[in-house]
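This report describes one protein chain for a reader who has not met it before. The sequence and the structure come first, and the description follows.

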Amino acid sequence: MRLVIARCSVDYVGRLRAHLPLATRLLMVKADGSVLIHSDGGSYKPLNWMSPPATLRITEPGEDDAEAGVVEVWNVQSAKTDDKLVISVFEHISDVAHELGTDPGLIKDGVEADLQRLLAEQITKLGEGYTLIRREYMTAIGPVDILARDADGGTVAVELKRRGDIDGVEQLTRYLELLNRDPLLAPVRGVFAAQQIKPQARVLATDRGIDCLTLDYDEMRGVDDVESRLF
């Protein structure tokens with residue numbers, strides 16, 4: 001992984017256009033080909049990024065850019081689309097690289113991991129005609145718990161929690177924003193699934209067009225004794 005602290009401006013060019021004006025930022029280049037641009041705020045969400053597969057080409061600035069103070073230009077080209085990131089570097093402050101090796105992946109607590117496995121096995125709890133694409137679908141910002149296809153052939157991303165709160169909805173929103181950049185998957189809609197979903201989280205999810213699903217863990221495990229319930 002290469003970590004560069006630089007004064008830079010960034011332009012995303014493609015189906016969407018976005019511009020980050022000149023500022024000091026962290027440029028993260030991962031071994032899988034992804035490039036992420038971070039600021040010192042905004043939690044772990046990058047300001048912009050390019051998902052793998054992608055190629056990075058560093059060139060000398062043109063005459064006009066050089067006169068403006070640009071010392072090099074990073075061109076990050078998606079291998080799947082015409083989208084690209086153009087990073088104009090004005091000053092290198094720090095540039096380090098580290099070999100991280102193979103990561104074992106996220107190990108979730110027992111209940112959440114079991115919920116993921118059970119829902120993958122019982123995917124029609126999302127709706128009739130649903131089929132599983134895969135569990136732990138990896139993205140540049142982390143794994144989507146479940147990626148599925150609905151009865152109409154549309155792509156559905158599912159985020160699973162034991163207790164669903166606003167942070168979980170925000171996490172799924174970031175995944176959806178990234179997944180919908182991929183023309184092979186888009187359009188992708190979201191389902192926020194949990195044993196309990198807080199009212200505020202449900203309101204936020206609904207406002208963002210995300211469906212909510214309450215899961216009965218005992219029933220999914222096949223140990224639910226309906227007759228023993230008080231309610």
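## Helix α4 and its surroundings

Helix α4 is followed by Gly209, a residue with a positive phi, near 75°. The structure is a predicted model, and the helix before Gly209 is a convenient place to start reading it.

Which residues of α4 are buried? In this helix, which spans residues 199-207, they are Ala201, Leu204 and Ala205. These three cover an arc of only 100° around the axis, which puts them on the same side of α4. An α-helix has 3.6 residues a turn, so residues three or four places apart point the same way. On the other side of α4, the exposed residues are Pro199, Val203, Thr206 and Asp207. The partners of the buried residues of α4 are β10, α3, β11 (188-197) and β12 (211-214), against which they pack.

## The chain as a whole

The protein chain holds five helices and 12 strands. Taken along the principal axes, its C-alpha atoms fill a box of roughly 80 × 35 × 35 Å. Of the 231 residues, 41% count as buried. Among contacts between residues at least 6 apart in sequence, 50% join residues at least 24 apart.

An unreviewed UniProt entry carries the annotation "domain: Endonuclease NucS N-terminal PH-like" for residues 2-104. In the model, the span of residues 2-104 is 6% helix and 56% strand, and its end C-alpha atoms lie 20 Å apart.

## Two pockets

The table sets out the two pockets by volume and by the classes of their lining residues.

| Pocket | Volume | Nonpolar lining residues | Polar lining residues | Charged lining residues |
|---|---|---|---|---|
| Largest pocket | about 820 Å³ | 10 | seven | 11 |
| Second largest pocket | about 330 Å³ | 12 | four | six |

The largest pocket has a volume of about 820 Å³. It is lined by 28 residues, of which Lys30, Asp32, Asp103, Gly105 and Met138 are the closest to its centre. The elements that give two or more residues to this lining are β8 (131-139), β9 (142-149), β10 (155-164) and α3 (166-179).

The second largest pocket has a volume of about 330 Å³. Among the 22 residues that line it, Ser51, Pro52, Lys80, Leu178 and Asp182 are the closest to the centre. At least two lining residues come from each of β4 (48-50), β8 and α3. Which element gives the most to the lining of the second largest pocket? It is β8, with three residues.

## Two single residues

Thr81 and Ala68 can be looked at one after the other. Is Thr81, in the loop between β6 (72-78) and β7 (84-97), buried or exposed? Thr81 counts as buried because its relative accessibility is 17%, and the cut-off for buried is under 20%. Leaving aside neighbours within four places in sequence, Thr81 is in contact with Arg15 and Pro183.

Ala68 belongs to helix α1, which covers residues 63-68. The relative accessibility of Ala68 is 54%, so Ala68 counts as exposed, the cut-off being over 50%. Ala68 and Thr102 are 34 residues apart along the chain, and their C-alpha atoms are separated by 41 Å.

Definitions and conventions
Residues are numbered from 1 along each chain as its sequence is written. This is a predicted model: local features need pLDDT of at least 70, side-chain atom pairs count only at pLDDT 80 or more; totals for chains, interfaces and linings use all residues. Side-chain values use heavy atoms; hydrogens and water are left out. On a 1 Å grid over the protein atoms alone, a cavity is a set of points where a 1.4 Å probe fits but cannot get out, and a pocket is an open set with protein on both sides within 12 Å along at least five of seven lines; lining residues have an atom within 4 Å of a point. Grid points are joined across faces, edges and corners, and a volume is the space filled by probe spheres set on the points. Helices (H or I, at least four residues) and strands (E, at least two) are DSSP runs, numbered from the N terminus. Ala, Val, Leu, Ile, Met, Phe, Trp, Tyr, Cys and Pro count as nonpolar, Asp, Glu, Lys and Arg as charged, and the others, Gly among them, as polar. UniProt positions are given in the numbering used here, feature names are shortened, and annotations may be inferred rather than shown by experiment. Buried means under 20% relative accessible area, exposed over 50%, partly exposed in between (1.4 Å probe, protein chains only). The arc is that of the directions from the helix axis to the C-beta atoms. Contact means heavy atoms within 4.5 Å.
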